[in-house]
Amino acid sequence: LNNKARRNQYFIEWRVKDPSIKKGMEELQNKIRPIDPNILMDQSCGIDNMHITMNQFKLFSIGEVEKVITLLKRFQREELKKLVPDKKSVLMEVNGKLCHFKRRVIYAPVCNKPRKEYSGSVLVAIFDRLQKRLRSAGFKPLERPLEPHLTICKAKRLKGGSSSFSSETFEKIMGHSKDKTIGKQWLCSLVFCTKRLKTETTPPVVYTIDF
């Protein structure tokens, strides 16, 4: 945790473990990869590192790490069960209808099937409530809305500063967009982790939030 290369960065993540999602995403990436050599599929898009980054914040001591773990445990007891009663109550679904951020990042949206108890996005609800708790505890989480998704590819930054796909490449990539389910996975856990090093496949887990 004290490695300076981690830059004091910590995250709450939902990680993909289901083989159907990994298989579907890999097949999609294999179709997109040959379109253009400037399509980037680095470790952040890797099949073995598929995840949704939720809350992001910096911690500067082991004491602060322990404080966040205590905060997460309290959240589990006081609020989490209302949103996710058990390991098979919230089914996450990855959709093949591709979306993008400024034609720079291509991603697959992720949502949960509506339930009687809670009809909205469960991940967004968890994110919002954790943001509030982190702020109340004196931390400064990155302020941004959460749009649950899995990154498929990015545009490589070219000389001259451009980091968006050309119109031709963008149209070809989006031609693989299909409004169908890529895969599903039960919402069973989230992880509290720190920034991964280049030698690590996934960010090291500090604490697992089990449902």
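**Exercise 1. Is C99 buried, exposed or partly exposed?**

Work it out from the accessible area of this predicted model.

Step 1. Look up the relative accessible area of C99: 24%.
Step 2. Compare that with the cut-offs: buried is under 20%, and exposed is over 50%.
Step 3. C99 therefore counts as partly exposed, given its 24%.

**Exercise 2. Work out how C99 and C193 stand with respect to disulfides.**

Step 1. Start with the whole structure: a search turns up 0 disulfides.
Step 2. Take C99. Its nearest cysteine sulfur belongs to C111 and sits 11 Å away. A disulfide needs the two sulfurs within 2.5 Å, so C99 is in none.
Step 3. Now C193. Here the nearest cysteine sulfur is that of C45, 16 Å away, and C193 is in no disulfide either.
Step 4. Check the surroundings of C193: with a relative accessible area of 0%, this residue is buried because the cut-off is under 20%.

**Exercise 3. Find the bridge partner of C193, then lay out the sheet.**

Step 1. Go to β10: V205 is the bridge partner of C193 there.
Step 2. Zoom out to the strand pair. β9 (residues 189-194) and β10 run antiparallel, and 5 bridges join them.
Step 3. Put the 4 strands in order: β3-β1-β9-β10, an open sheet with antiparallel pairing.
Step 4. Pick out the edges. β3 (51-58) and β10 (205-210) each pair on one side only.
Step 5. Add the twist: on average, neighbouring strands are turned by 20° against each other, direction ignored.

**Exercise 4. Place helices α2 and α3 against that sheet.**

Step 1. Start with α2 (residues 62-83). This helix packs on the sheet and touches β1 (9-15), β3, β9 and β10.
Step 2. Get its direction: about 5° with that of β10.
Step 3. Move to α3 (residues 122-136), which lies across β1, β3 and β9. Helix α3 runs at about 10° to β3.

**Exercise 5. Describe the surroundings of S20.**

Step 1. Locate S20: it lies in helix α1 (residues 19-32).
Step 2. Read its accessibility. At 34% relative accessible area, S20 is partly exposed, because that value falls between the 20% and 50% cut-offs.
Step 3. Check its side chain, which makes a polar contact with the side chain of D18 at 2.3 Å.
Step 4. Leave aside neighbours within four places in sequence, and the contacts of S20 are I182, G183 and K184.
Step 5. Finish with Q185: 165 residues separate it from S20 in sequence, yet the two are 8.6 Å apart in space, C-alpha to C-alpha.

Key:
Residues numbered from 1 in each chain as written. Predicted model: local features only at pLDDT ≥ 70, side-chain atom pairs only at ≥ 80, totals over all residues. Heavy atoms only, no water. Helix = DSSP H or I, 4+ residues; strand = E, 2+ residues; numbered from the N terminus. Buried < 20%, exposed > 50% of the residue type's maximum accessible area, 1.4 Å probe, protein only. Contact = heavy atoms within 4.5 Å. Polar contact = N/O pair within 3.5 Å; in protein donor to acceptor, adjacent residues only side chain to side chain. Pairing = 2+ DSSP bridges. Axes fitted to C-alpha atoms, helices over the stretch in contact; angles between N-to-C directions.
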